Amino acid sequence: MTEHDDRCPCGTGETYDECCGRYLADGRRAPTAEALMRSRYTGFATGASHYLLVTWHPSTRPDLLELDDEMAWYRLDVVRKDAGGPWDDAGTVEFVAHYRLDDGRRGRLHETSHFVREDGRWLYVDGGIGS
Ligand SMILES: [Zn+2]
């Protein structure tokens, strides 16, 4: 589990409480697509499957989300973002997320994610591999 004073898994350098914990634990709304994307990465890193589902657009949301606990997410790099600001209705964020498997092998996920803002709330719609 993430301790409140620990650095946030998403890599901003802020503490968890000052960063993604505001959205994951306190239920505040992420103001930008990037903030939501970072908090969803942190959700994957900390096993917060409920948070991942509630921030998923209903049109693409799976009924059930089983996180693979063999995958330990340890680093996130945001490569590029397009729109997704507080006054936008849509946005994309391209990122590379790095993981380690139980047996020590490492891998990375390179994805461009699409987000929409509905009723003031950013939601993840879908993502494509690569850019
Ligand atoms: Zn964070």
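Six salt bridges are present in this structure, which is a predicted model. They make a handy trail through the fold, so keep your selection tool ready.

**Stop 1: Lys81 and Glu34**

Select Lys81 and Glu34 and show their side chains. These two form a salt bridge, with the closest N and O atoms 2.5 Å apart. Lys81 belongs to strand S1 (residues 72-83) and Glu34 to helix H2, so the pair ties together parts that are 47 residues apart in sequence. Glu34 is buried, with a relative accessible area of 17%. Now add Arg38 to the selection: salt bridges that share partners join Glu34, Arg38 and Lys81 into one network.

**Stop 2: two more bridges**

Move on to Arg75 and Asp77. Their side chains make a salt bridge whose closest N and O atoms are 2.8 Å apart. Is each partner buried or exposed? Arg75 counts as partly exposed, at 43% relative accessibility, and Asp77 counts as partly exposed too, at 26%.

Next, pick Arg105 and Asp103. Here the side chains meet in a salt bridge with an N to O distance of 2.9 Å. Both Arg105 and Asp103 are exposed.

**Stop 3: zoom out**

Return to a cartoon of the whole chain. You should find three helices and four strands. Starting at the N terminus, the elements follow the order α-α-α-β-β-β-β. The radius of gyration is 14 Å, close to the 14 Å that the globule rule gives for 131 residues, so the chain is as compact as a globular protein of that length. If you draw the principal axes, the C-alpha trace spans about 40 × 30 × 30 Å along them.

Colouring by accessibility is a good next move: 40% of the 131 residues count as buried. For a contact map, take the contacts between residues at least 6 apart in sequence; 41% of these join residues at least 24 apart.

**Stop 4: Arg40, a charge without a salt bridge**

Go back to helix H2 (residues 33-46) and select Arg40, which lies in it. How far away is the nearest side chain of opposite charge? That side chain is Glu111, 7.1 Å away, and Arg40 has no salt bridge although it is buried.

Look next at the backbone of Leu52. Its oxygen lies 2.7 Å from a polar atom of the Arg40 side chain. To see the rest of the surroundings, show the residues in contact with Arg40: leaving aside neighbours within four places in sequence, they are Tyr51, Leu52, Thr55, Trp56 and Tyr124. Keep Tyr124 highlighted for the hairpin stop.

**Stop 5: the hairpin of S3 and S4**

Select strand S3 (residues 106-118) together with strand S4 (residues 121-129). The two strands run antiparallel and are joined by eight bridges. Which residue of S4 is the bridge partner of Phe115? The partner is Tyr124, the residue you just met in contact with Arg40.

While the strands are on screen, turn them edge-on and follow the side chains. In a regular strand the side chains alternate between the two faces of the sheet.

Now centre on the turn. The hairpin has two residues between its strands, and Asp119 sits in this loop between S3 and S4. Its phi is near 50 degrees, a positive value in a residue other than glycine. Switch on the surface and Asp119 counts as exposed, at 76% relative accessibility.

**Stop 6: Ala83, another positive phi**

For the last stop, select Ala83, whose place is in strand S1. What is notable about the backbone of Ala83? Phi is positive, at about 55 degrees, although Ala83 is not a glycine. Ala83 is exposed, with a relative accessible area of 51%.

Which residues does Ala83 touch once neighbours within four places in sequence are left aside? Its contacts are Asp88, Ala90 and Gly91. To close the loop with the opening stop, draw a C-alpha to C-alpha distance from Ala83 to Glu34: the two are 9.5 Å apart in space and 49 residues apart in sequence. With Glu34 selected again, you are back at the network that Glu34 makes with Arg38 and Lys81.

Terms used: Residues numbered from 1 in each chain as written. Predicted model: local features only at pLDDT ≥ 70, side-chain atom pairs only at ≥ 80, totals over all residues. Heavy atoms only, no water. Pairing = 2+ DSSP bridges. Buried < 20%, exposed > 50% of the residue type's maximum accessible area, 1.4 Å probe, protein only. Lys, Arg positive; Asp, Glu negative; His and termini not counted. Salt bridge = Lys/Arg side-chain N within 4 Å of Asp/Glu carboxyl O. Polar contact = N/O pair within 3.5 Å; in protein donor to acceptor, adjacent residues only side chain to side chain. Contact = heavy atoms within 4.5 Å. Rg over C-alpha atoms; globule rule 2.2 N^0.38 Å.
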